[in-house]
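Please report on selected local sites, the nonpolar cores and the relation between two of the chains. Keep it brisk, and include a small table.

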4 protein chains.
Amino acid sequence: MLVVMNKNAAPADIEAVMGAIERKGYTARPIPGGERVAICVLHNEGPVDAAYLAALPGVKEAIPVTRPYKLVSREAQASDTVIEVGGVLIGNGHFTIMAGPCAVESEQQALTIAGMVKKAGAQIFRGGAFKPRTSPYAFQGLGEEGLRILAKVRAETGMPVVTEAIDHEVVDLVEEYADIIQIGARSMQNFSLLRRAGKAKKPVLLKRGMAATIDELLMAAEYIMEGGNDRVILCERGVRTFAHHSRNTLDISAIPVVRKETHLPIIVDPSHAAGRRDQVIPLSRAAVAVGCHGLMVEVHHAPETALSDGPQSLYPAQFDDLCRQIGPIFDVYKTSINGCTEAARKTL
Amino acid sequence: MLVVMNKNAAPADIEAVMGAIERKGYTARPIPGGERVAICVLHNEGPVDAAYLAALPGVKEAIPVTRPYKLVSREAQASDTVIEVGGVLIGNGHFTIMAGPCAVESEQQALTIAGMVKKAGAQIFRGGAFKPRTSPYAFQGLGEEGLRILAKVRAETGMPVVTEAIDHEVVDLVEEYADIIQIGARSMQNFSLLRRAGKAKKPVLLKRGMAATIDELLMAAEYIMEGGNDRVILCERGVRTFAHHSRNTLDISAIPVVRKETHLPIIVDPSHAAGRRDQVIPLSRAAVAVGCHGLMVEVHHAPETALSDGPQSLYPAQFDDLCRQIGPIFDVYKTSINGCTEAARKTL
Amino acid sequence: MLVVMNKNAAPADIEAVMGAIERKGYTARPIPGGERVAICVLHNEGPVDAAYLAALPGVKEAIPVTRPYKLVSREAQASDTVIEVGGVLIGNGHFTIMAGPCAVESEQQALTIAGMVKKAGAQIFRGGAFKPRTSPYAFQGLGEEGLRILAKVRAETGMPVVTEAIDHEVVDLVEEYADIIQIGARSMQNFSLLRRAGKAKKPVLLKRGMAATIDELLMAAEYIMEGGNDRVILCERGVRTFAHHSRNTLDISAIPVVRKETHLPIIVDPSHAAGRRDQVIPLSRAAVAVGCHGLMVEVHHAPETALSDGPQSLYPAQFDDLCRQIGPIFDVYKTSINGCTEAARKTL
Amino acid sequence: MLVVMNKNAAPADIEAVMGAIERKGYTARPIPGGERVAICVLHNEGPVDAAYLAALPGVKEAIPVTRPYKLVSREAQASDTVIEVGGVLIGNGHFTIMAGPCAVESEQQALTIAGMVKKAGAQIFRGGAFKPRTSPYAFQGLGEEGLRILAKVRAETGMPVVTEAIDHEVVDLVEEYADIIQIGARSMQNFSLLRRAGKAKKPVLLKRGMAATIDELLMAAEYIMEGGNDRVILCERGVRTFAHHSRNTLDISAIPVVRKETHLPIIVDPSHAAGRRDQVIPLSRAAVAVGCHGLMVEVHHAPETALSDGPQSLYPAQFDDLCRQIGPIFDVYKTSINGCTEAARKTL
């Protein structure tokens, strides 16, 4: 923390700030500049509350220096985390495709789609059993019946399954049936859900909130790791901006930034970013090329009858196409980073 | 819903779109224009899924027409809802001030602040017992002990109390102790929490999420009303934008828009919008003048020692000042709308 | 500037950063912390380029400390600037209402509206002669004929006039005819226009760009002041955000922030912020209450036939109403700050 | 345009809206729905002003239907525009790399960098002679001397050159010396500059404003095409959002949307989007994979001494690397779309 004083701050103001810092148990070190004084805060263990110091008389600004997260940071663990789920590896040189319908609608629907996406190249099956919906009048998912169908899909296809736990109440069920517990964008700061996920015995797929900063995403992951679960997969799915030609704006630059800051794998959900089918394949290509560790894509064998998210769901033939296109891009990506040092690789 | 076709859409495409609409049970009515055809969707009971129709061949755009919310809308109830809590009225011509610390820290702290804010003019006491915090390492609130302190504040001061229920688990407790159940910005789309709030016997204070549209805020309120609880107070507390001179950007225009769309009362939280003490009083004045039904303000007798949100908490003398300033503004506001018709009053 | 090094930065990296700072002619002062080193940059006259230092090996962050603007800052001039235009005072305790149509359409139209707004309380007449339009097919203004009409309005009503100079070419003309030269939101960073305005003999009304930070607004004003023109009036007119219930989001918190940072007056344009008539009066009330120095409002005697911005133009009777409502609010505002110190007044 | 009436709109309101539409010379066609009436506006030649109709009594919403641009749209020209500049082709299956320093600093600097980027694979040289700078105290470019240096670079390397015309005054000079006239993000709605560019005999590179919608970008291009210059190259360079881990948020989804709406080529500027060197290569890979027509990249042989944008300028070895990485991605991209129909190709 650096506290910058006004040019005309009185000596008493400077004293008072230094006193306030030391009363918190930190060390205050003044730095006389040409025009004004700044005061460094040292020996703080956790983050210092900038706003508190900023509000003292004579203070121009209080500037945080330390990152607030610990366990998720590359400073805590330099090498990439690799997560294994039912034989599938996620992270560090592996590229993992998760695909399936927005919502599980019936056993037949799920098995039909699962067969198609597996054949095209998906390694993990996705499908919602509990659906968070903006409207109370919209289809809310099949609930536990949906989870049973997912278990059947795994039994028949061998693919691990991922599904969302929309709240604390359903985590037990989801943990029992699924291979990966998804925490959705709207729940990224549902802290009791995050704490519960920290106790889970399954990996967690944590989606970035639609207005969350990278720091907030990593702090949410920190909640899970702090609870004891170090198998966290991050997911960029677009953020809300003034632009409305896509439902959300896919923040592609988040991938290199996250890879630099944390050892955790990060995948991309192009379907929710786009909100419309015709952007999903281009965004998927971009996501692979930028360097993410995988994709989560919505696919439906008959999107026009889908109970949710039909318009952004790919037709199976389009998903085939997507897999065909991204394979060579990932190969090019991997080749291009061969021979790089580990340090360089982090941001490639 | 209006479906706009491409200029060069084939007759077969138009047929297909009309078929798709009718298969959903709606009526499709084509409108031949000069250059292109548009198709109206009629007789839908709920909202029509725009994205699904938008994705059909030959379709340029699908434009929703009906608002998705019902019970909260002025079309469902024309006159303002007034909510009574422990003798305090909220809504329609009343102006209600809620004030107190961010977090309840001790009985002495709560009683000290309560006494001060009551004397200055606050009618309802606020204070967090369960705190949602970005970092797992930050102070998380006193929990049930905090609720007991709030009950004591009510007993000693006569002020009703409002406190946040951060998740489904703690709603029972909060419902038992508090007079108003607060749902925070991060929980605005925690749908199981909203459903539970819909069953609560206490009024609910629902804060707008930091990237929520007005429609989404109203749909969240719809969840609560649909569950049977029609005592919902909305709260604007700033949205996340590119601007960083305040922690959030107080969206002052939301107030007249919300008042036009819904009969529910709406208050403003200037403390979280600003994120810093020196903007709280100006924002409060603006909020009163724009026409909200109340304020929720953070006040602390010793902000520099506060366990959370110290920098945005007013000193008691500042809160006095705030109350003194807004009183006459509210009087001016009320006078200025006297003699208006009910219709005009809604947007004043 | 504070340069924060990585925890594991090599001594050679630290040396290199210090060398880079000193080669720029500044002083580098290292601050060894518990976990990492930070380096202060001292004795820089202007701002230091943060990004350059941020990109050196071993650097975690480079944090700017000094504000980049000088002449506009309160540190350069503590007391409020007051600008006199044709007998009307703008700034520091005065409240100035500018009103008129979006575009000057004809002499009769301009005179009709001018008479109405003057009677209601406007002191300065606004009207566009050169209109910046998103579409090349839209009405572009009457040009010099419009300026002649404005001069006639001044002659007949005694009101000074303000009109936009949309580019460098028309500044000479606007400077000749108008009393205040307006620079529009789209031109806020048209630097040759700003430089030309710095040489103008008339005051300049500078509107904030729709995605401009406060720093950028103040830097644009700095261009004008640096050119020799110290009569600059700032104008908040809403920023572009994800919210779409108003055309722009009026950033009401910008007012106290700007008043704290600069001595220049700042007014609010509620018409362009709202983009729709029914929000203009509530936003105007909020703007007065928050503490701005004036309003610029679009009024048309027949908005339904206006050649531009009809939907956000008030009817004359509404403008009457607006003036009646804001007068008492400004009185309350002024009274509430009486007895304050000069320092306190800056943020009231 | 579709005008949606309130549920309880009076017949007189409906009459009035229809009258207003017909007075503008359009046809009004009412569509009685189950709950409310909507009115279609037909036979309008240009766009209809939604806000005007929205503001009439009894109107709930006025929804635009027609796109406001004409010449730039795919409906006006189905096949991709290809622009030839000094033997280099831009658009439709070609991939064009523009590279060079942010600013031309000296003949030696320009020639040094030009030699390096040409060798690596760049086809067009970029370099600023006139620089738009946020601060009046920052380096503003060499002016005409910079243009002469660019001409020399072309003479010695054979590469066409692109440089920015920051205002109307310098367009003549830029048109004389350069091969492509760049209009920067801050000037995207400098309409007199756009009109002048419409008369230019050189192609125009038009950058998206940092808060511009796709519609506004295309309308700016429409200004140029309407003036008679149909050689317009669009450029996505990031938009301003709440996210601050990169200087701007590269809106990668803009590429497929723009390619669907218009026949004009679109390139990506990863340097200004990122604002920092370490994101430039990942963003470049994403841009190629998503399907843009080229890149514009800042390269400097000694970024640490660059007079502007040093931190986002690649070292020459990094630019080599960038070219090596994107070549195979573009090959994969082209191969993946072979065999597609022209219609499908537009969104690939």
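His301(A) touches Thr112(A), Ile113(A), Met116(A) and Pro316(A), leaving out residues up to four places away in sequence. The model is predicted. His301(A) sits in the loop between strand 14 (294–298) and helix 11 (316–337) of chain A. Is His301(A) buried or exposed? His301(A) is partly exposed, because it has 17 other C-beta atoms within 10 Å, and a buried residue needs 20 or more. Pro265(A) is 36 residues away from His301(A) along the chain. Their C-alpha atoms are separated by 29 Å.

**Asn92 in chains A and C**

Asn92(A) is not a glycine, yet its phi is positive, at about 45°. Asn92(C) also is a residue other than glycine, with a positive phi near 45°. The table sets out location and surroundings.

| Residue | Loop | Other C-beta atoms within 10 Å |
|---|---|---|
| Asn92(A) | between strand 6 (88–90) and strand 7 (96–100) of chain A | 14 other C-beta atoms within 10 Å, partly exposed |
| Asn92(C) | between strand 6 (88–90) and strand 7 (96–100) of chain C | 14 other C-beta atoms within 10 Å, partly exposed |

Why is Asn92(A) partly exposed? Its count is 14, and the partly exposed class lies between 12 or fewer for exposed and 20 or more for buried.

**Nonpolar cores**

In soluble globular proteins, nonpolar side chains tend to be buried together. Here the largest nonpolar core has 409 residues. Which residues have the most contacts inside it? They are Leu206(A), Leu206(B), Leu206(C) and Leu206(D). A second, separate core has 38 residues. Its members include Val59(A) and Ile63(A), along with Cys40(C) and Val41(C).

Take Leu206(B) in detail. Neighbours within four places in sequence are set aside. Its contacts then include Ile183(B), Met188(B), Ala220(B), Ala221(B) and Ile224(B). Val232(B), Ile233(B), Leu234(B) and Cys235(B) are also in contact with Leu206(B).

**Chains B and C**

Two copies of a chain are related by a rotation about an axis and a shift along it. Chain C can be laid on chain B by a turn of 180° and a shift of 0.0 Å along the axis. The RMSD is 0.1 Å. That is the relation of a two-fold axis. Which C-alpha of chain C is nearest the axis? It is that of Ala286(C), 2.0 Å from the axis.

The interface residues of chain C are 100% shared with chain B as interface residues, so the copies meet through the same surface.

How values were computed:
Residues are numbered from 1 along each chain as its sequence is written. Chains are lettered from A and ligands numbered from 1 in the order in which they are written. This is a predicted model: local features need pLDDT of at least 70, side-chain atom pairs count only at pLDDT 80 or more; totals for chains, interfaces and linings use all residues. Helices (H or I, at least four residues) and strands (E, at least two) are DSSP runs, numbered from the N terminus. Two residues are in contact if their C-beta atoms, placed from the backbone, lie within 7 Å. A nonpolar core is a set of buried Ala, Val, Leu, Ile, Met, Phe, Trp, Tyr and Cys residues joined through C-beta atoms within 7 Å. Copies are superposed by least squares on the C-alpha atoms of residues with pLDDT of at least 70 in both.
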